[in-house]
Amino acid sequence: MKNSLGRPLDRVEGKLKVTGGARYTGDIMLPRMTYAVLIESSVASGTIQSMDTRAAMRSPGVVTIITSTNAPKLKAPEKEPSGITSEGHLALQSNKIHYNGEPIGLVVAESLEEARAALALIKVSYGKAAAFLNLEDKDAPSIMPKDRFGKPLQGKRGEPDAAFSEASVTVEARYETPLEHHHPMEPHATVAAWSDGALTVYETTQYVNGTQNGLAQCFSLKPERVKVISNFVGGGFGSKGSTWQPTVMAAMAARVVQRPVKLVLSRQNMCNCVGHRSRTIQDVALAADKSGKISAIRHAVQSHTSLLQDFIEPSSLLTRMLYANPGLELSHRLARLNLPTSTFMRAPGEASGSFALECALDELALKLEMDPLALRVINHADKDMDSGKVFSAKQLKECYEKGAELFGWSQRKAAPKSMQRNGRLVGWGVATATYPANKQPASARMRIHRDASIVAASATHEIGQGTYTIMTQIAAEAMGVDPGRVRFELGSSLFPKAPVTGGSMTAASVGPAVVMAANALKMKLLGLAAKDAASPLYQLTFDQIQAVDGHLVSVKNAGAKQSYQDILRAANLESLEAEGSTQAMVMGDAKEHCRPDQSQDPSCYSYHSFGAQFAEVEVDPLSMQVRVTRFVGAYDVGRVLNEKTARSQGLGGIVMGIGMALMEETAVDPRNGRMITRNLADYHVPVNADIQNIEVIFTNVPDKNFNELGSRGLGEIPIVGAAAAVANAVYHATGKRIRQLPITPDKLLV
């Protein structure tokens, strides 16, 4: 059956999820299970002088307590396999404290309740040391990182100094984004068990192969001696893309007690040891002529990381390529603080950087007395301003046009505070979205059975974005069958390798591998038929057939066809399988330009997705409470593989952007570095009552330069620019420019 792709197929795993049949890591039960809880430090810097565990060990049900004094020694990885522990730091190997809330031990008991009771009896004495807790502290150790994702974070392009001195209009302002936490619905969890020297781990991970390799190196095992299973992940947003210390500690404990160990982090634990988005301070300056053409941009970023690993929130990267400005100056300072390690969070760099850049453009439009959407169109870049390469495909102007039409942008009154509804101030804001199109090598396996059922598999992940469903559709399309005949399996390190589910690369990486596996399987089927003199496909070659309705069919003679079942039956086979793999294209190639005869060379293109974000807010003039009443997101992500799951991704990213704009902020105690907002009562995220009308549309133009599916990633671009669109709408409604997220009523009342 053709045309499986693009259809709004319901989630194939949806029934399991809504009926409770989907088993997440915390649901796994193994014989003789024990339960673990973390012991966390209560100081930000220093050493553990003593840990009194005597009363805890006598507590009912306690099996063991593991600390740095009795923990087995781990092997430091030769190279970092996707961030083992994501902190460059092996669990429980020293008594040094790097941040408040750092895991310093593990209590293992017969039940979770007994483990928690014992935890309360442990007493720790510290040798405290001075701590650096503030990004603005100039005495804090810091570096000026050279690059991120292969792109420079420091330096100039063109003559920005001259451009600013000659500009007709300039804007300069400081913008700040707070420390934020991912807070997926499902907490991080590990179930670890050893058998005959091999380790099996059920894990909340976005990268089963990365976790497999990291644990193998820690415990001096061959990777095939570690099996990682992650069939369902209840949200990740980046925090589950790396292997953190609790996972290693659970595996360590299981080896010590010689029983399975389950460790499910509390919501409070998750604020300490599984990452967050760094706080940023961004100074942005724009120079333009009277027509609005930007001649130069300065973008200076300050962010922080821990003392353990230099994680960079690269907020200036989109500034390098988005708008057609010849002059550019970038800098990035990374402060090393006594705070937990930062990590990837949905659109790392782009989400935070777009807030600063897109708000600065709004301020420039105001100075120019120009429509902010028109300003963006005037500065549209026809090529990547960073590399000089042409884009593989770009429909950003169409996003502006279609989004504006759906939103009704032409009805916007320019003056701030000029629009009202039912006694409330109304504001409209716009921003541009962009995110790199990424892909990495991936493999897939496909097996067909004599009953014509097809099973495809890859070590990729379902984190709520719809991988089970779109891979089922891709396999069905490639094999020419109805999706109901296909089952897609994922989430096991036993399956063919796949990259991390992050960077919006899963569909673009694994999808083509599934197609390759299907092609390999069809070639095997044809190989059987072409050798069979009784087959209507006798002596045909692969370029002479196509897959239609479960048959291999001659391209020239539609009557010459044979079903998959008949081919297997004639060969006396119960099943047949094949694998397919793809290679990554060369990203960040040094070529600045490409000759016409190189037009098919993937390194000649710049690969990005684009979008336009339109927000409407209503603001109560007395309380200054802000409500986002309408939002339109228009996106250019290549071919849409499933209308329903794609729309869902757009909705989720926009909702997360609204939370970033109005609510989300982790407060840190300036005295001791303790995370204060450590639960979902204090850390506010949008709920149903906060979200009203959201519309998501796509240009749906395939990008065949990127891959044969023509599809680029979708997971992260909907959050990019969303907070800026809301912030710009708030200014339009109130005439007050809030440059520090989140935009809360107290800031508007000043």
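I take a polar contact to be a pair of N or O atoms within 3.5 Å. The model I consulted is a predicted one.

**Entry 1. Helix H14**

I looked first at the start of H14, where a side-chain oxygen of Asn642 comes to within 2.8 Å of the backbone nitrogen of Lys644. I then checked the length of H14, which covers residues 643-662. Its 20 residues should span 28 Å at 1.5 Å a residue, and the end C-alpha atoms are 29 Å apart, so the two values agree.

**Entry 2. Helix H8 and its surroundings**

I turned next to H8, residues 350-368. H8 has 19 residues and extends 26 Å from the first C-alpha to the last, close to the expected 27 Å. I asked how many of the residues of H8 are buried. The count is 17 of the 19, so H8 is largely enclosed by the rest of the structure. After the helix comes Glu369, and I noted that its phi is positive, near 55 degrees.

Within H8 I examined Leu361. Leu361 is buried, its relative accessible area being 0%. Leaving out residues up to four places away in sequence, I found that Leu361 touches Leu286, Ile294, Tyr323, Leu375 and Arg376. I also recorded the separation of Leu361 from Val284: the two lie 77 residues apart along the chain, and their C-alpha atoms are 9.8 Å apart.

**Entry 3. Two helix pairs**

I looked up how H8 meets H15, residues 722-734. The two axes come within 8 Å and cross at roughly 35 degrees, and the crossing is right-handed. On the H8 side the contact is made by Ser354, Phe355, Glu358, Cys359, Asp362 and Leu366. On the H15 side I listed Ala723, Ala724, Ala727, Asn728 and Tyr731.

The second pair was H11 (residues 467-479) with H12 (residues 506-530). I noted an angle of about 35 degrees, with the axes 9 Å apart. This crossing of H11 and H12 is also right-handed. The residues of H11 that make the contact include Ile470, Ile474 and Ala478, and those of H12 include Val510, Gly511, Val514 and Ala518.

**Entry 4. Cysteines**

I asked why Cys359 forms no disulfide. The sulfur of Cys359 is 20 Å from the closest cysteine sulfur, in Cys399, which is too far for a bond. The cut-off for a disulfide is 2.5 Å between the sulfur atoms, and by this rule I counted 0 disulfides. Cys399 is likewise in no disulfide, the nearest cysteine sulfur being that of Cys359 at 20 Å. I then checked burial: Cys359 is buried at a relative accessible area of 0%, and Cys399 counts as buried at 0%.

**Entry 5. Glu616 and His98**

I located Glu616 in strand E32, residues 608-619. Is Glu616 buried or exposed? Glu616 has a relative accessible area of 2%, so it is buried. Its side chain makes a polar contact with the side chain of Arg421, at 3.0 Å. Setting aside neighbours within four places in sequence, I found Glu616 in contact with residues including Phe407, Val426, Trp428, Arg627 and Arg630.

I found His98 in the loop between strand E5 (96-97) and strand E6 (103-109). His98 counts as buried at 9% relative accessibility. Not counting residues up to four places away in sequence, I recorded that His98 touches Ala44, His89, Leu307, Leu308, Asn338 and Leu339.

**Entry 6. Backbone exceptions**

Most residues other than glycine have a negative phi, and most peptide bonds are trans. I therefore looked for departures from this pattern.

Phe149 has a positive phi, near 55 degrees. I placed Phe149 in the loop between strand E9 (147-148) and strand E10 (151-152). Ser504 also has a positive phi, near 50 degrees. I found Ser504 in the loop between strand E26 (486-489) and H12, and with a relative accessible area of 12% this serine is buried.

Where did I find a cis peptide bond? One joins Leu741 and Pro742, with omega about -5 degrees. I noted that Pro742 lies in the loop between H15 and helix H16 (745-749).

Notes
Residues numbered from 1 in each chain as written. Predicted model: local features only at pLDDT ≥ 70, side-chain atom pairs only at ≥ 80, totals over all residues. Heavy atoms only, no water. Buried < 20%, exposed > 50% of the residue type's maximum accessible area, 1.4 Å probe, protein only. Helix = DSSP H or I, 4+ residues; strand = E, 2+ residues; numbered from the N terminus. Expected span 1.5 Å × (residues − 1). Polar contact = N/O pair within 3.5 Å; in protein donor to acceptor, adjacent residues only side chain to side chain. Axes fitted to C-alpha atoms, helices over the stretch in contact; angles between N-to-C directions. Left-handed = near helix turned anticlockwise from the far one by under 90°. Contact = heavy atoms within 4.5 Å.
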